[in-house]
Amino acid sequence: MAEEKKWVRLVTAKTPTNIAVIKYWGKRDEALILAINDSISVTLDPNHLCTTTTVAVSPAFQQDRMWLNGKEISLAGDRYQNCLREIRKRACDVEEEDKGIKIAKKDWESLHVHIASYNNFPTAAGLASSAAGLACLAKLMNVKEDQGQLSAIARQGSGSACRSLYGGFVKWIMGNSEDGSDSLAVQVTDEKHWDDLVILIAVVSSRQKETSSTSGMRESVETSLLLKHRAQEIVPKRIIQMEEAIKTKDFPAFARLACADSNQFHAVCLDTTPPIFYMNDTSHRIISIVEKWNLAEGTPQVAYTFDAGPNAVLIARDRKAASLLLQRMLFYFPPGAGADLNSYVLGDESILQDAG
Ligand code: ADP
Ligand code: DP6
Ligand code: CO
């Protein structure tokens, strides 16, 4: 018996983050995580902003434990318990004879896990760490489900996480059912469809936000009339227009919708009682710089969007616009000259040279 307890099985997965261009903000069911409106996001390159999670399972473990970026965190909240319960329910038999590992489906109920997760970008700072993190967790523990079912598990950990299981542009359909069976993420277009786009992340602050997305949206649902209007009247139309803009690669329409939706989401935060401020002065300066440049060009070169945090996600229409954008950003926020902007994260390093 003692011999049997020696094994530890390790599985590692990596999952990219996603940034919403039509925002999810508000739940109609807190327990199942069902949204009050559809949303659309773009999944970032898995080699850049991503989460890497390792799950260890062993009969020697006495309880479930989790470390996030090297620090132990509590697994007590619904976020993790829902995810772990769903994964356990679906985990399959494992047999690795050479290592002496044999796990029957029913053993997963009593086996404990140790989870270590690392985000290679700021956590809880509005760059969708919960999306990458919970989507990654859902992929582990020998679950042989299809992407759709994994996405539904991830959704019960963090709403935005259901979109990170697919690449390219992804829509989370809110659904109407009470049990959440029709609340699903679907791919709008794959990652190759619009590969002219270049995404630059301007890290304004890596500090953890004061109001988590979960509690921020709860307060907005309870107090903001603007959110009701947005969810019922504005977003349904924008979703149709955004899907069309993505499918036809209509950058001016895409930029107009993405910027307007980001601004309306932050207006909802201001319309919440007490108001929530996710953006700061530097975020506002970035918006002004992009707006003025787009106006001067006569047609949008760059779209901006801010999730629940001060950090800017800038989407340039092509490489040329990206290199000009970087030049401008380096001019207005020279590295080392002040603490306004901490760093830039860019998919393709060669654009840095173009901007030289
Ligand atoms: P963000 O804007 O980064 O998504 P949220 O407020 O939505 O911020 O969520 C932050 C929370 O998500 C963290 O406090 C933590 O509970 C959870 N989280 C972040 N990264 C991970 C991860 N890699 N694995 C598991 N949970 C994570
Ligand atoms: C502003 O998915 O982080 O990033 O479902 O409570 O975990 P929970 O919230 P979360 O909210 C994301 C909000 C957003 C917009 C978006 O990603 O659509
Ligand atoms: Co989040």
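Ala, Val, Leu, Ile, Met, Phe, Trp, Tyr, Cys and Pro count here as nonpolar, Asp, Glu, Lys and Arg as charged, and the others, Gly among them, as polar. By that scheme the shell around ligand 2 has 7 nonpolar, 7 polar and 2 charged residues. The structure is a predicted model.

**Confidence and overall form**

The predictor gives the protein a mean pLDDT of 92, and 95% of the residues reach 70 or more. For the model, ipTM is 0.99 and pTM is 0.95.

The protein contains 9 helices and 17 strands. Its radius of gyration is 21 Å, close to the 21 Å that the globule rule gives for 356 residues, so the protein is as compact as a globular protein of that length. Along the principal axes, the C-alpha atoms fill a box of roughly 75 × 45 × 40 Å. Of the 356 residues, 43% are buried. Among contacts with a separation of 6 or more, 72% are between residues 24 or more positions apart.

**The two ligand shells**

Ligand 1 is surrounded by 21 residues, and the closest are Ser 129, Ser 130, Gly 133, Ser 212 and Ser 213. Strand E11 (112-119) and helix H2 (129-139) each supply at least two residues of this shell. The most comes from H2, with 6 residues. By class, the shell around ligand 1 divides into 9 nonpolar, 11 polar and 1 charged.

Around ligand 2 there are 16 residues, of which Ala 20, Tyr 24, Ser 158, Gly 159 and Ser 160 come nearest. Here the elements giving two or more residues are H2 and H4. H2 thus contributes to the shell around ligand 1 and to the shell around ligand 2.

**Ser 220 in helix H4**

Helix H4 spans residues 213-223 and includes Ser 220. With 24 C-beta neighbours inside 10 Å, Ser 220 counts as buried, because the cut-off is 20 or more. Apart from neighbours within four places in sequence, Ser 220 is in contact with Trp 25, Gly 26, Leu 227, Val 268, Cys 269 and Thr 272. Ser 220 and Ile 33 are 187 residues apart along the chain, and their C-alpha atoms are separated by 15 Å.

**Backbone features in loops**

Most residues other than glycine have a negative phi, and most peptide bonds are trans. Two residues that are not glycines have a positive phi here, as the table sets out.

| Residue | Phi | Loop between | C-beta neighbours inside 10 Å | Class |
|---|---|---|---|---|
| Ile 33 | about 55° | strand E3 (27-29) and strand E4 (34-35) | 26 | buried |
| Lys 249 | about 50° | helix H5 (225-247) and H6 | 14 | partly exposed |

Why does Lys 249 count as partly exposed? Lys 249 has 14 C-beta neighbours inside 10 Å, and a residue is partly exposed when its count falls between the exposed limit of 12 or fewer and the buried limit of 20 or more. Ile 33 has 26 such neighbours and therefore counts as buried.

Which residues does a cis peptide bond join? The bond links Thr 273 and Pro 274, with omega about -10°. Pro 274 is found in the loop between helix H6 (251-270) and helix H7 (281-297).

Methods:
Residues are numbered from 1 along each chain as its sequence is written. Chains are lettered from A and ligands numbered from 1 in the order in which they are written. This is a predicted model: local features need pLDDT of at least 70, side-chain atom pairs count only at pLDDT 80 or more; totals for chains, interfaces and linings use all residues. A residue is near a molecule or strand if its C-beta atom, placed from the backbone, lies within 6 Å of it. Helices (H or I, at least four residues) and strands (E, at least two) are DSSP runs, numbered from the N terminus. The radius of gyration is taken over C-alpha atoms; the globule rule is 2.2 Å times the number of residues to the power 0.38. Two residues are in contact if their C-beta atoms, placed from the backbone, lie within 7 Å. pLDDT is the predictor's confidence in each residue, from 0 to 100.
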